[in-house]
Amino acid sequence: MTTTHPTAPPPYRITPPRVLRAEWHKLRSLRSTWVTVISAVVMVLGVGLIMGATYTSGGGDADVDTVVLTLYGSLLGQLCLVVLGILTTAGEYATGMIRSSLTAVPARLPVLWAKAVVFAATVFTVMLATSVVTFAAAQAFLHDTDQAASFTDPGILRALAGNAGALTLMGLLALGLGALLRSVPGAIGAFIGGVMILPEILGMLPYDAVERAIRYFPTQAAGALGSATPIPGTISPGPALLALSLWAGTTLAAAALTLKRRDV
């Protein structure tokens, strides 16, 4: 009579929390993460303090939205976060680390989703805190000017959260491009050319339909999210959030399809 022994279960199983924890460990242990995130924070806070300290009532910026004025450094901080998003995915292809990641998680797609979730949570938390601190610090200089505002004023908190959300979604779009193209220089070039330059070129065309369509492009939608008052020529915050989410989601979906079908 043959005695069968039950097979011992493997000591570790691949679960979503474990994949998330692994990606969080990778993200926070990279020097590039600290450099890019700290650079983004310094850009936003530093420019905000400069704008607040040098502003005078009745100047050329009197008609600028208060949140847009104080968070003007977000335009520079966005570039840092775009680089971080690309390095999060394309950087692993450059170093060959992606082979180890996909060997540990053969299903592949959980790796991409975990990267996106960890990146989004980290960037949104840091940039929301940075936006709030920058706004408060700038208002210390602006309290007796025509740009004085408080957190309780209509649209202020929404604009601060919208600014952080826009930076996060732009970073996710870049993360998706990095996973799709698998090249750091290629993804950076695609972002600069397709997201930043292309709308400016299309804007030169004398067609109303093109002008309306450009309002839904990522950069234009991101600007609408970070304003406490409506900006002429832009869409409202709700459609802007939807448009930017669709851009990021479509890029990530294309990256997921490529990851599933192509060899590493």
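The following exchange covers salt bridges and a nonpolar core in a predicted model.

Trainee: How many salt bridges are there by the 4 Å rule?
Mentor: The rule asks for a side-chain nitrogen of Lys or Arg within 4 Å of a carboxyl oxygen of Asp or Glu. Lysine 26 and glutamate 92 are one such pair, with closest N and O atoms 2.9 Å apart. By this rule the count is four.

Trainee: Which helices does the salt bridge between lysine 115 and glutamate 23 link?
Mentor: The closest N and O atoms of lysine 115 and glutamate 23 are 2.9 Å apart. The two residues lie 92 residues apart, in distant parts of the chain. Lysine 115 belongs to residues 109-142 and glutamate 23 to residues 16-29, that is, helix 6 and helix 1.

Trainee: How many residues apart are lysine 26 and glutamate 92?
Mentor: These two side chains form a salt bridge. Lysine 26 is in helix 1 and glutamate 92 is in helix 4, residues 74-95. The pair links distant parts of the chain, and the separation is 66 residues.

Trainee: Is glutamate 92 buried or exposed?
Mentor: Buried means under 20% relative accessible area. Glutamate 92 has a relative accessible area of 8%, so this residue is buried.

Trainee: What is the N to O distance between glutamate 92 and lysine 115?
Mentor: Glutamate 92 in helix 4 and lysine 115 in helix 6 are 23 residues apart. Their side chains meet in a salt bridge, with an N to O distance of 2.4 Å.

Trainee: Why does lysine 115 count as buried?
Mentor: The cut-off for buried is under 20% relative accessible area. Lysine 115 falls under that cut-off because its relative accessibility is 4%.

Trainee: Which residues are linked with Lys115 in a network of salt bridges?
Mentor: Lysine 115 pairs with glutamate 23 and also with glutamate 92. Glutamate 92 pairs in turn with lysine 26. The residues linked with Lys115 in the network are therefore Glu23, Lys26 and Glu92.

Trainee: Leaving aside neighbours within four places in sequence, which residues are in contact with lysine 115?
Mentor: Lysine 115 is placed in helix 6. Its contacts include the network members Glu23, Lys26 and Glu92. The full list is Glu23, Lys26, Glu92, Thr88, Thr89 and Leu175.

Trainee: Which helix gives the largest share of the largest nonpolar core?
Mentor: This core has 60 residues, of which Val67, Met127, Phe191 and Leu244 touch the most other members. The largest share is 14 residues, and these come from residues 156-181, helix 7.

Terms used
Residues numbered from 1 in each chain as written. Predicted model: local features only at pLDDT ≥ 70, side-chain atom pairs only at ≥ 80, totals over all residues. Heavy atoms only, no water. Helix = DSSP H or I, 4+ residues; strand = E, 2+ residues; numbered from the N terminus. Buried < 20%, exposed > 50% of the residue type's maximum accessible area, 1.4 Å probe, protein only. Contact = heavy atoms within 4.5 Å. Core = buried A, V, L, I, M, F, W, Y, C linked by side-chain atoms within 4.5 Å.
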